[in-house]
Amino acid sequence: MENIRRYLYFGVFLLIVCSVFSAGNPARAKAAEAITLWAWDESFNLKAAKLAAKEYEREHPEISVQVVTMEQEDIMDKLDNFLASGMYEELPNIILMEDYRSKAYLKKYPEEFLDLTEEMDFSSFIDYKVKAVTQEGRQYGIPFDCGAGVLFYRIDYLTQAGYSEEDMQELTWEEFIRIGKEIRDRVNVPLLAVEPDDLGLIRLMMQSAGSWYVKPGGNEAFIADNEVLKAAESIYEECIREGLTVSVSGWNQFVNAFQEGEVAAVPYGCWLASSIKEEETQAGKWRVAEFPRMETVPESKNASSIGGSSWYILAKKPGSREALEFMKAMFGDNPEFINTLIKEIDLVTAYKQAEELSNYQAKDDFFGGRNVMELYRRTALETPEVDFGWNTYAIEDIFSEELLKIFMGEDRDTAFRRAQKKAQAVIDS
């Protein structure tokens, strides 16, 4: 009996000690509470998130930030399915969302994203990025990167074709195609890698002239009478018909094409620099210039954008306040961390005061010693603003089907009118 009493006393003593220890050690008490974050692109978005998590956890050992790698399409599919069914336990606290998609999700799920309007000073971000996270006058996302459109190209292939770096500055698409033909003929290397189902180049060309698949407001399709889109389609078609492209399937093949030296140029978002630089053996062989403008479209500029994303916090997922504190501390107004990301991932930040940061001024030996960040930043500030509406990718799926028919001989105006009708049906649904 005495032994039993001793065991009971000892058990009570242990419970008291553990309770006191936990109360006095918040790190231990909260260790099971983890902030989860979903993003894509190991060399860019995910790298930024992991660096942020590591730094934040060092200052806040009671917090654990779990960064989950996931394809962008998978993120959006899961977000749709789990929000529709109210399965918040399956969702993360934080997601990265492309600016093309944000309006549709903010409209479809108006109560699901944390309202950040009173939580942060949005005047510290570039205006058009703030517009992308704004719904009915309220801000729901933290602007991250600007997808400034630029032209990456191989200087070694260019010089073999008889051209110099000076020849690549502020090009028109017509001039760029002419150079591409010379590279094709003299160096036997195609100019571009294209994925038939991804019309990123057409999006870039449209935005360079301030146009989109929809009219401002997003409620009216703008395809059949869109002269900018017609000019972009003609350029895209010419590149393919002239044998200036190599066809790829999926993101990995697209990246492999330029990492393995299979193409001479990549007109794309500045954030692609991190993937280009992964192939360290090509250091010094790449250069960067302005995105080509369309000669036949007076509004077209040597500046555009593709992609660009922002961070969103799910309001009904437990831990939303902790997630907010993490995001505010790392991505809200943290010039020191932004400066780190400029160096680590070539971030073209939405933060307005980036010019004051030391890494913004650095020259990049990989790209021939140029201060490429200045070019990226200038491009971001000069890019025409457009209203993406609610249905960019759904409309693009429709347009890509009609584009294939044009390549197979369909009358272009007929295909454009058909795409207009189908796109309007999607908008009205």
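**Exercise 1. Name the residues that line the second largest cavity, then describe the lining by class and by element.**

Step 1. List the lining. Phe125, Pro143, Phe144, Phe331, Ile338, Leu341, Leu347, Thr349, Ala350 and Tyr351 line the second largest cavity. This is a predicted model.

Step 2. Sort by class. Nine of these residues are nonpolar, one is polar and none is charged.

Step 3. Find the elements. Strand β6 (141–145) and helix α14 (335–345) each give at least two residues to this lining.

Step 4. Add the volume. The second largest cavity holds about 60 Å³.

**Exercise 2. Find how many cavities of 30 Å³ or more the structure has, and describe the largest.**

Step 1. Count. A search of the whole structure turns up two cavities of 30 Å³ or more.

Step 2. Give the volume. The largest cavity has about 190 Å³.

Step 3. Locate its centre. The lining has 18 residues, and Ala193, Val194, Glu195, Phe254 and Tyr268 lie nearest the centre.

Step 4. Assign elements. β8, α9 (200–208), α11 and β10 each contribute at least two lining residues. The largest share comes from β10, with four residues.

Step 5. Sort by class. The lining of the largest cavity has 14 nonpolar, two polar and two charged residues.

**Exercise 3. Place strand β10 in its surroundings: which strand does β10 pair with, and is β10 mostly covered or open?**

Step 1. Check burial. β10 covers residues 265–269, and five of its five residues are buried.

Step 2. Find the partner. β10 pairs with strand β7 (residues 148–154) in the antiparallel sense, over five bridges.

Step 3. Pick one bridge. Val150 has Tyr268 of β10 as its bridge partner.

Step 4. Link back. Tyr268 is also one of the residues nearest the centre of the largest cavity.

Step 5. Recall a rule on side chains. In a regular strand they alternate between the two faces of the sheet.

**Exercise 4. Describe the largest pocket by volume, centre, elements and residue class.**

Step 1. Give the volume. The largest pocket has about 970 Å³.

Step 2. Find the centre. Among 35 lining residues, Trp40, Glu71, Gln72, Asp198 and Trp251 are closest to it.

Step 3. Assign elements. α4 (72–85), α11 (250–259) and α16 (392–407) each supply at least two lining residues. α11 gives the most, six residues.

Step 4. Sort by class. The lining of the largest pocket divides into 14 charged, twelve polar and nine nonpolar residues.

**Exercise 5. Do the same for the second largest pocket.**

Step 1. Give the volume. The second largest pocket has about 400 Å³.

Step 2. Find the centre. The lining has 18 residues; Ala104, Tyr105, Trp390, Asn391 and Ala394 lie nearest the centre.

Step 3. Assign elements. α4, α5 (99–108), α16 and α17 (412–428) each give two or more residues to this lining. α5 has the largest share, with six residues.

Step 4. Sort by class. The lining of the second largest pocket has nine nonpolar, three polar and six charged residues.

**Exercise 6. Asp41 and Asn188 both have a positive phi. Where does each sit, and is each buried or exposed?**

Step 1. Read the angles. Phi is near 75 degrees for Asp41 and near 60 degrees for Asn188. Neither residue is glycine.

Step 2. Place them. Asp41 lies in the loop between β1 (34–39) and α3 (45–59). Asn188 lies in the loop between α8 (173–187) and β8 (192–194).

Step 3. Apply the cut-offs. Buried means under 20% relative accessible area, and exposed means over 50%. Asp41 has 16%, so Asp41 is buried. Asn188 has 66%, so Asn188 is exposed.

**Exercise 7. Decide which part of the chain to read with caution, and sketch the chain as a whole.**

Step 1. Take the average. The protein chain has a mean pLDDT of 90, and 92% of the residues score at least 70.

Step 2. Find the extremes. Helix α2 (residues 26–29) is lowest, at a mean of 37, and strand β11 (residues 286–290) is highest, at 98.

Step 3. Mark the weak stretch. Over residues 1–32 the pLDDT is below 50, and this stretch has six contacts beyond near neighbours in sequence.

Step 4. Apply the rule. Where pLDDT is low, the predicted coordinates should not be read in detail.

Step 5. Sketch the whole. The chain has 17 helices and 13 strands. Of its 429 residues, 54% count as buried. Its C-alpha atoms fill a box of roughly 95 × 50 × 40 Å along the principal axes.

How values were computed: Residues numbered from 1 in each chain as written. Predicted model: local features only at pLDDT ≥ 70, side-chain atom pairs only at ≥ 80, totals over all residues. Heavy atoms only, no water. Buried < 20%, exposed > 50% of the residue type's maximum accessible area, 1.4 Å probe, protein only. Pairing = 2+ DSSP bridges. 1 Å grid on protein atoms, 1.4 Å probe; cavity = no way out; pocket = protein on both sides within 12 Å on 5 of 7 lines; lining within 4 Å. Points joined across faces, edges and corners; volume = space filled by probe spheres on them. Nonpolar A, V, L, I, M, F, W, Y, C, P; charged D, E, K, R; others polar. pLDDT = per-residue confidence, 0-100. Contact = heavy atoms within 4.5 Å.
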